[in-house]
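Welcome! Take a moment to look over the sequence and the structure, and then we can walk through some questions together.

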Amino acid sequence: MQCCPDDNVSLTLQPGSGGLRLCPWCYEPPAGPQQCPASTAPPSLPPVPNPLVCCPLCPALSPVLCCPLSAELPSPRLAVAMAVALALLVLLAADAAVLVKNPLLNICMDAKHHKHKPGPEGKLHDQCSPWKDNACCTANTSSEAHKDQSNLYNFNWNHCGVMPPKCKRHFIQDTCLYECSPNLGPWIDQVDSSWRRERILHVPLCKEDCEEWWKDCKDALTCKENWHKGWNWATGTNRCPWGSMCRPFSEVFPRPKDLCEKIWSNSYKYSSEHRGSGHCIQMWFDPAQGNPNVAVARYYAWEKTCSPAQGEKAAPERDQAARALPWSALALLPLALVLLPEVAGGCGIPQMGVPVAAL
């Protein structure tokens with residue numbers, strides 16, 4: 001805190017007793033005002049001939065309005081204007097706090113096995129364990145994700161013979177990401193389906209994830225390019241369509257990009273970004289190092305809500321919340337404009353601790 005003699009400017013945000021007095025419209029003075037020795041003077045500002053009246057609008061915000069003592073004390077109309085200005089500031093701050101809670105962040109999609117809201121699960125099975133502190137899946141879902149033919153979707157990985165373990169590991173991680181991650185909000189898309197209302201679309205999967213997935217599966221066999229649809233479900237589980245042949249992944253998916261983007265109907269998009277860049281989703285991560293996908297979701301959520309072109313396909317209820325306007329603050333704007341001339345014609349404009357007379 002810097003102070004001046006009684007006949008100079010005080011730079012303190014707390015009203016003291018040396019040459020200062022509170023204006024009558026202040027809510028209440030802060031408890032225990034600090035005293036300034038009269039012998040000290042700020043090195044940066046020249047003396048001002050008239051003592052000042054410093055009026056805090058609110059002790060919590062600490063803006064100060066300073067006027068020469070010779071000026072008339074503010075009228076009640078000015079006091080009302082100051083109160084409206086303060087109300088506007090508070091409402092705008094409250095609306096800003098709401099907007100920080102982006103509706104695309106930390107959410108679960110509306111699908112078959114997802115929880116309504118993400119939360120801790122205590123323990124998730126094996127490769128789903130990185131999400132145990134904040135998951136959209138239950139422990140049972142995580143266990144079923146590791147079975148060759150689980151009860152989740154009655155899907156059989158071994159439709160063209162036994163899938164090699166090194167390849168199956170990636171499909172389990174893929175399932176865990178889909179079922180458990182609360183960081184896929186920016187890519188949630190509405191669908192008209194009997195078993196889910198939402199899906200993910202064009203999630204930017206890190207370059208290493210796509211390439212390692214393809215490398216470990218290139219010698220495995222499959223009979224279909226798009227695993228979302230077109231199977232023979234006559235037996236209750238997926239089997240190759242009549243007339244189809246089992247071929248190596250490297251023939252069905254010539255490039256890592258083909259595997260990532262085509263196998264689940266463009267749920268993923270091959271990204272040229274690397275792990276740790278903050279611009280691509282990792283299919284799996286070391287929980288001891290934290291979840292890198294949190295920052296990635298935040299980056300794309302901001303991009304989507306701030307760019308009309310990016311946000312056109314957002315779910316209506318999520319998009320409406322993301323673009324909500326501060327109507328509560330706008331409601332007070334006409335009154336503020338009416339009272340503005342009174343404020344402008346007063347003895348000064350509120351400054352954050354620097355008296356107008358010193359400018």
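**A guided tour in questions**

Q: Where does A135 lie, and is A135 buried or exposed?
A: In this predicted model, A135 lies in the loop between helix 1 (76-100) and helix 2 (139-144). Buried residues have under 20% relative accessible area. The relative accessible area of A135 is 0%, so A135 is buried.

Q: Which residues does A135 touch, leaving out those up to four places away in sequence?
A: One pair to look at first is A135 and K117, which are 18 residues apart in sequence and 8.4 Å apart in space, C-alpha to C-alpha. K117 also appears among the residues that A135 touches. Leaving out residues up to four places away in sequence, the list is K115, K117, P118, G119, E121, L124 and C180.

Q: Is V162 buried or exposed?
A: V162 sits in the loop between helix 2 and helix 3. A residue counts as exposed when its relative accessible area is over 50%. V162 has 73% relative accessibility and therefore counts as exposed.

Q: What distance separates the C-alpha atoms of V162 and L221?
A: Along the chain, V162 and L221 are 59 residues apart. In space, their C-alpha atoms are separated by 8.6 Å.

Q: At what angle do the axes of helix 3 and helix 4 cross?
A: Two packed helices are described by the angle between their axes and the distance between the axes. Here helix 3 covers residues 165-180 and helix 4 covers residues 207-217. Their axes come within 7 Å, and the crossing angle is roughly 140 degrees.

Q: What do we call the arrangement of helix 3 and helix 4, and what is the handedness of the crossing?
A: Angles over 145 degrees count as roughly antiparallel, and 65 to 115 as roughly perpendicular. The axes cross at roughly 140 degrees, so helix 3 and helix 4 are oblique to each other. As for handedness, helix 3 passes helix 4 in a crossing that is left-handed.

Q: Which residues of helix 4 meet helix 3, and how many residues of the contact are charged?
A: From helix 3 come K166, C167, R169, H170, F171 and D174, and on the helix 4 side they meet E212, W213, D216 and C217. Sorted by type, the residues of this contact are four nonpolar, one polar and, for the charged kind, five.

Q: Which elements do the buried residues of helix 4 pack against?
A: Let's begin with the residues themselves: D209, C210, W213, W214, D216 and C217 are the buried residues of helix 4. W213, D216 and C217 also belong to the contact with helix 3. The buried residues of helix 4 pack against helix 3, strand 5 (203-205), helix 5 (249-252), helix 6 and strand 8.

Q: What is the phi of N106?
A: N106 lies in the loop between helix 1 and helix 2. With 42% relative accessibility, N106 counts as partly exposed. Although N106 is not a glycine, its phi is positive, at about 55 degrees.

Q: What is the phi of N266?
A: N266 is in the loop between helix 6 (256-262) and strand 8 (268-270). At 35% relative accessibility, N266 counts as partly exposed. N266 is a residue other than glycine with a positive phi, near 65 degrees.

Q: Which residues are in contact with H279, leaving aside its neighbours within four places in sequence?
A: H279 is placed in the loop between strand 8 and helix 7 (293-306), and at 26% relative accessibility H279 counts as partly exposed. H279 and L205 are 74 residues apart in sequence, yet 9.1 Å apart in space from C-alpha to C-alpha. Neighbours within four places aside, the contacts of H279 are P204, S271, E273, V296, Y299 and Y300.

Q: Is E198 buried or exposed?
A: E198 belongs to strand 4 (residues 198-200). The C-alpha atoms of E198 and I188, 10 residues apart along the chain, are separated by 6.4 Å. With a relative accessibility of 4%, E198 counts as buried.

Q: How many helices and strands does the chain have, and what share of its residues is buried?
A: The secondary structure comes to 11 helices and eight strands. The chain exposes about 18,800 Å², with carbon and sulfur atoms supplying 58% of that area. Of the 359 residues, the share that counts as buried is 43%.

Technical notes
Residues are numbered from 1 along each chain as its sequence is written. This is a predicted model: local features need pLDDT of at least 70, side-chain atom pairs count only at pLDDT 80 or more; totals for chains, interfaces and linings use all residues. Side-chain values use heavy atoms; hydrogens and water are left out. Axes are lines fitted to C-alpha atoms, for helices over the stretch in contact, and angles run from 0 to 180 degrees between N-to-C directions. Helices (H or I, at least four residues) and strands (E, at least two) are DSSP runs, numbered from the N terminus. Angles under 35 degrees count as roughly parallel, over 145 as roughly antiparallel, 65 to 115 as roughly perpendicular and the rest as oblique. A crossing is left-handed if the near helix is turned anticlockwise from the far one by less than a right angle, and right-handed if clockwise. Contact means heavy atoms within 4.5 Å. Ala, Val, Leu, Ile, Met, Phe, Trp, Tyr, Cys and Pro count as nonpolar, Asp, Glu, Lys and Arg as charged, and the others, Gly among them, as polar. Buried means under 20% relative accessible area, exposed over 50%, partly exposed in between (1.4 Å probe, protein chains only). Accessible areas come from the Shrake-Rupley method with a 1.4 Å probe; for residues, only the protein chains shown count as cover.
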